[in-house]
Amino acid sequence: MNSVFTISGMTCGGCAEKVKSALLKHPGVLAAEVSHQEGTAKVQADRNLDSKELDKILENAGDYRITGVSEKKQTPEPTVTEHSSSSAIPNQAPASAWETYKPLVLIFLFVAGIAAIASYDSDTFSWHHW
């Protein structure tokens, strides 16, 4: 069963890690995903969890409190086939050739420029050294 808990008291990534490790210590919790930006913890459990029991575990881990609970039905993840022509990220346009190769072109130009500067010796340019 998947549940989403609203948790107060998290201010940084370290807080989120503390909350996650505290949740994972509960015997019924299979997996947990905690976000301090959203103030939520998505918990996958083998049974319906008692929010008061989890709240007590979080209180022992620090100044964290469960302020809201919502249950989500488990939905299957969309599968992406290996031969699919669609992008794995929905609503994203395919990249143009320039966007794809721009980093490679910039690296080549940088290396060529440094090589040209290094081969410039006493006011003359030497193709041999370049």
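Helices (H or I, at least four residues) and strands (E, at least two) are DSSP runs, numbered from the N terminus. This is a predicted model, in which local features need pLDDT of at least 70, side-chain atom pairs count only at pLDDT 80 or more, and totals for chains, interfaces and linings use all residues. Residues are numbered from 1 along each chain as its sequence is written, and side-chain values use heavy atoms, with hydrogens and water left out.

Q: What pattern does the protein follow when read along the sequence?
A: The protein contains 3 helices and 6 strands. Taken along the sequence, these elements follow the pattern β-α-β-β-α-β-α-β-β.

Q: What percentage of the contacts in the protein between residues at least 6 apart in sequence join residues at least 24 apart?
A: A contact is a pair with heavy atoms within 4.5 Å. Counting those contacts made by residues at least 6 apart in sequence, the share that joins residues at least 24 apart is 54%.

Q: Is His 26 buried or exposed?
A: His 26 sits in the loop between helix H1 (13-24) and strand E2 (29-35), and, neighbours within four places in sequence aside, it is in contact with Arg 47, Leu 49, Glu 53, Leu 54 and Ile 57. The class depends on relative accessible area, with buried meaning under 20%, exposed over 50% and partly exposed in between (1.4 Å probe, protein chains only). Because the relative accessibility of His 26 is 3%, this residue counts as buried.

Q: Which element gives the largest share of the largest nonpolar core?
A: A nonpolar core is a set of buried Ala, Val, Leu, Ile, Met, Phe, Trp, Tyr and Cys residues joined through side-chain atoms within 4.5 Å. The largest one has 19 residues, and those with the most contacts inside it are Ile 7, Met 10, Val 19, Leu 23 and Leu 58. Two or more residues come from each of E1, H1, E2, E3 and H2, and the largest share, 5 residues, is from H1.

Q: Which residues does Leu 23 touch, not counting those up to four places away in sequence?
A: Leu 23 is among the residues with the most contacts inside the largest nonpolar core. Once residues up to four places away in sequence are set aside, Leu 23 touches Val 29, Ala 32, Val 34, Ala 41, Val 43, Leu 54 and Leu 58.

Q: How many bridges join E2 to E3?
A: Two strands pair if DSSP finds at least two bridges between them. E3 (residues 40-45) pairs with E1 (residues 2-8) in the antiparallel sense over 5 bridges, and there Ser 3 stands opposite Val 43. E2 and E3 also run antiparallel, with Val 29 and Ala 45 as bridge partners, and the bridges that join E2 to E3 number 6.

Q: Which residue takes a positive phi in the hairpin of E2 and E3?
A: This hairpin has 4 residues between the strands. The residue with a positive phi, near 70°, is Gly 39.

Q: Which residues are joined into one network by salt bridges that share partners?
A: A salt bridge is a side-chain nitrogen of Lys or Arg within 4 Å of a carboxyl oxygen of Asp or Glu, and the structure holds 2 of them. In one, the side chains of Asp 55 and Arg 65 meet at 3.2 Å, N to O, linking helix H2 (residues 51-61) to strand E4 (residues 65-72) across 10 residues of sequence. Asp 55 is buried at 11% relative accessible area, whereas Arg 65, at 37%, counts as partly exposed. In the other, Glu 59, partly exposed at 43%, has its closest atom 2.2 Å from Arg 65, and the shared partner gives one network of Asp 55, Glu 59 and Arg 65.

Q: How far apart in space, C-alpha to C-alpha, are Ser 51 and Ile 66?
A: Ser 51 lies in helix H2 and counts as partly exposed at 26% relative accessibility. Leaving aside neighbours within four places in sequence, Ser 51 is in contact with Phe 5, Ile 66 and Val 69. Ser 51 and Ile 66 are 15 residues apart in sequence, while their C-alpha atoms are separated in space by 7.3 Å.

Q: Is Phe 108 buried or exposed?
A: Phe 108 is found in helix H3 (residues 97-119). Because its relative accessibility is 56%, Phe 108 counts as exposed.
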